[in-house]
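Here are some short exercises for you to try with the model open in your viewer. Work each one through before you read its solution.

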Amino acid sequence: MAELDTLDLVVLAAILLGTVAYFTKGKLWGVTKDPYASSLANASGAKAGKTRNIVEKMEEQGKNCIIFYGSQTGTAEDYASRLAKEGKSRFGLETMVADLEEYDFDNLDTIPDDKVVFFVLATYGEGEPTDNAVDFYEFITNEDVNFTEGNEPALGNLSYVTFGLGNNTYEHYNSMVRNVDKALQKLGAHRIGDAGEGDDGAGTMEEDFLAWKEPMWKALAEKMGLEEREAVYEPVFSIVERESLTKESPEVYLGEPNKMHLDGTAKGPFNAHNPYIAPIAQSYELFSVKDRNCLHMDIDISASNLNYQTGDHIAVWPTNPGEEVDRFMNVLGLSEKRHTVVSVKAVEPTAKVPFPTPTTYDTIVRYHMEICAPVSRQFLAQLAAFAPDAEAKAEMTKLGAEKDYFQEKISVHHLNIARVLDIVGKGQKWTNIPFSAFIEGVTKLQPRYYSISSSSLEQPKKISITAVVESTQLPGRDDPFRGVATNYLLALKQKQNGDPEPCPFGLSYEITGPRNKYDGIHVPVHVRHSNFKLPSDPSKPIICIGPGTGVAPMRGFIRERVQQAKNGEKVGKTLLFFGCRKSTEDFMYKNEWEEAKEILGDNFELITAFSREGPKKVYVQHRLKERAEEINQLLEQKAYFYVCGDAANMAREVNTVLGQIISEQRGVPEAKAEEIVKNMRSSNQYQEDVWS
């Protein structure tokens with residue numbers, strides 16, 4: 001064989017590098033290394049030098065219970081943390097919480113049988129694993145899965161517990177936990193207790209979790225010979241006030257997500273751990289009615305390395321409204337200390353501080369805690385011990401113990417933790433609660449995801465958002481329940497359009513960001529890939545169902561097709577079913593549809609359903625049924641079918657109507673028609689981008 005010269009070696013090295021990049025999707029290097037890793041939740045999976053060996057980690061830390069989570073929005077991670085705390089405080093288990101993507105699983109067969117492994121797994125989208133659970137899921141469900149010992153059965157040593165987080169409005173309800181449980185059973189592992197399932201679609205996630213965990217703990221205690229003890233609060237984090245620092249000190253974090261942002265050197269890749277502070281190019285109102293708002297925003301990503309494809313999602317990192325921050329500070333007696341600088345350290349070595357420090361109380365509450373979220377019953381029970389008087393303690397204990405009472409007094413009103421403490425304490429300050437209890441018990445403030453409403457072909461460096469500002473009037477509550485992110489966006493829109501002191505519905509936001517780094521109308525964002533995509537062949541017909549803001553990705557699709565037509569490509573038939581209340585109030589993008597018609601001609605048609613303009617309410621599913629013959633003909637031409645919007649009602653009814661159309665038009669039984677619809681879904685001919 002001829003010797004390889006230098007050029008050959010260079011070419012071979014480049015090919016190898018490209019191959020690794022392709023198969024790892026850049027995971028080996030495409031992450032942000034945060035130099036402030038000691039107190040910041042790890043932004044890049046396993047840290048340098050950190051073991052990926054589960055058994056080694058458990059032995060190193062003296063743990064007998066590891067709780068893995070697969071989480072997209074933080075809820076599964078929150079439940080994992082709660083289970084870890086409860087296991088330690090009630091039963092003396094030595095617990096640790098672990099991110100699935102930080103460990104390898106080929107040595108699950110070496111975990112000693114006196115230890116237990118929990119899997120708390122959310123199902124994302126159409127039955128998919130969460131981003132951090134993809135590798136684990138592919139490994140454990142592989143038909144040819146291999147472990148280190150080659151035992152028979154492979155996982156006869158493993159005792160495990162499972163809880164799934166799902167939404168029954170999706171077809172593949174809780175498929176992640178079901179499939180993992182099935183795979184573990186097949187491999188000979190021993191499940192303790194029932195495989196729990198929480199249902200966000202029915203609004204019962206929290207109660208499902210509470211109902212599942214009690215018999216689970218009983219079964220686990222029996223299996224491992226554990227004795228229950230009186231649960232006493234043991235902090236996971238220590239809070240140290242730093243008298244030598246002020247909020248003006250350059251090393252103090254005031255809302256910056258990591259060290260690069262603190263130093264003013266933020267660079268990509270921008271992702272769920274590292275947002276891009278993007279300028280808002282323009283923003284305007286889409287509704288023409290006083291009591292409701294719908295925003296259109298164009299986010300400029302031209303100065304970043306961010307990119308997107310039509311149909312993807314954009315994540316907005318919100319801040320909490322000042323009024324709720326003030327309420328929280330006041331009820332805890334922290335108003336005078338809000339700008340006091342603190343360092344937060346993990347007492348438990350496997351725990352992660354969920355934000356960078358040193359920082360201030362105000363910053364933690366404003367930028368890092370879901371203080372506006374409805375409170376959990378379990379958390380109220382935990383806080384009862386710190387009540388300001390016996391009456392408040394008794395009330396908190398009752399709220400924590402009685403499901404129906406909690407539902408009547410708290411749940412139906414969507415009360416957050418500060419409002420509950422204020423009501424139960426009758427205005428007294430709750431100064432006895434350790435601040436660490438809130439870091440542990442209140443979920444981390446999460447980015448909000450929106451379907452991108454622009455076309456990457458038409459405007460690759462500008463991302464459009466279409467969002468209704470959430471404001472829901474609830475019975476027995478003085479003020480409406482308002483969405484955190486959409487009202488934050490509304491304040492930004494007001495500021496951009498000339499209001500010097502934007503205060504939507506009496507809510508104020510730190511819209512200039514930490515140290516005015518968001519000034520000039522900026523918003524922190526990142527992009528998340530979606531499988532909601534147009535056919536690769538633009539000549540294929542498409543049918544789009546997008547009522548309300550469900551029209552967002554459909555706008556992107558249609559603008560893409562318009563651009564393709566302008567580029568000389570042949571574009572197939574494009575039907576858009578759009579619904580809203582009234583043509584004079586919330587008919588979004590009306591002029592754009594007319595422009596699309598001018599370019600696409602007979603290949604574009606808008607079918608509208610205005611629900612409040614006639615004697616009967618008319619919705620998109622009714623209009624779909626009226627066009628049954630044409631819909632069936634297009635489907636027989638392999639048209640792609642897209643649905644975006646409300647999962648619980650609209651999307652379900654559209655699915656049902658489509659089955660009826662196929663049954664009636666093709667003369668087949670309904671069961672056969674339902675099977676055809678399912679096959680459309682599995683082949684991606686039927687795609688959904690829906691929410692509960």
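The exercises below go from the whole chain to its sheets and a helix pair.

This is a predicted model, in which local features need pLDDT of at least 70, side-chain atom pairs count only at pLDDT 80 or more, and totals for chains, interfaces and linings use all residues. Residues are numbered from 1 along each chain as its sequence is written, and side-chain values use heavy atoms, with hydrogens and water left out.

**Exercise 1. Describe the overall build of the chain.**

Step 1: Begin with the secondary structure. The chain has 21 helices and 23 strands (DSSP runs numbered from the N terminus, H or I of at least four residues for helices, E of at least two for strands).

Step 2: Turn to compactness. The radius of gyration, taken over C-alpha atoms, is 27 Å, close to the 26 Å from the globule rule for 692 residues, so the chain is as compact as a globular protein of that length. That rule is 2.2 Å times the number of residues to the power 0.38.

Step 3: Add the box. Along the principal axes, the C-alpha atoms fill roughly 75 × 70 × 60 Å.

**Exercise 2. Work out the strand order of the five-stranded open sheet and find what packs on it.**

Step 1: The order is β21-β20-β19-β22-β23, with parallel pairing (two strands pair if DSSP finds at least two bridges between them).

Step 2: At the edges are β21 (604-610) and β23 (686-691), each pairing on one side only. The twist from one strand to the next averages 10°.

Step 3: Zoom in on one pair. Seven bridges join β20 (residues 574-580) to β21, and L575 is opposite E605 of β21.

Step 4: Helix α20 (residues 647-666) packs on this sheet and touches β19 (542-545), β22 (640-646) and β23, with its direction at about 155° to that of β22. Contact here means heavy atoms within 4.5 Å; axes are lines fitted to C-alpha atoms, for helices over the stretch in contact, and angles run from 0 to 180 degrees between N-to-C directions.

**Exercise 3. Analyse how α3 and α6 meet.**

Step 1: The axes of α3 (residues 75-91) and α6 (residues 205-224) come within 12 Å and cross at roughly 40°.

Step 2: Sort the contact residues by class. There are ten nonpolar, one polar and six charged residues (Ala, Val, Leu, Ile, Met, Phe, Trp, Tyr, Cys and Pro count as nonpolar, Asp, Glu, Lys and Arg as charged, and the others, Gly among them, as polar).
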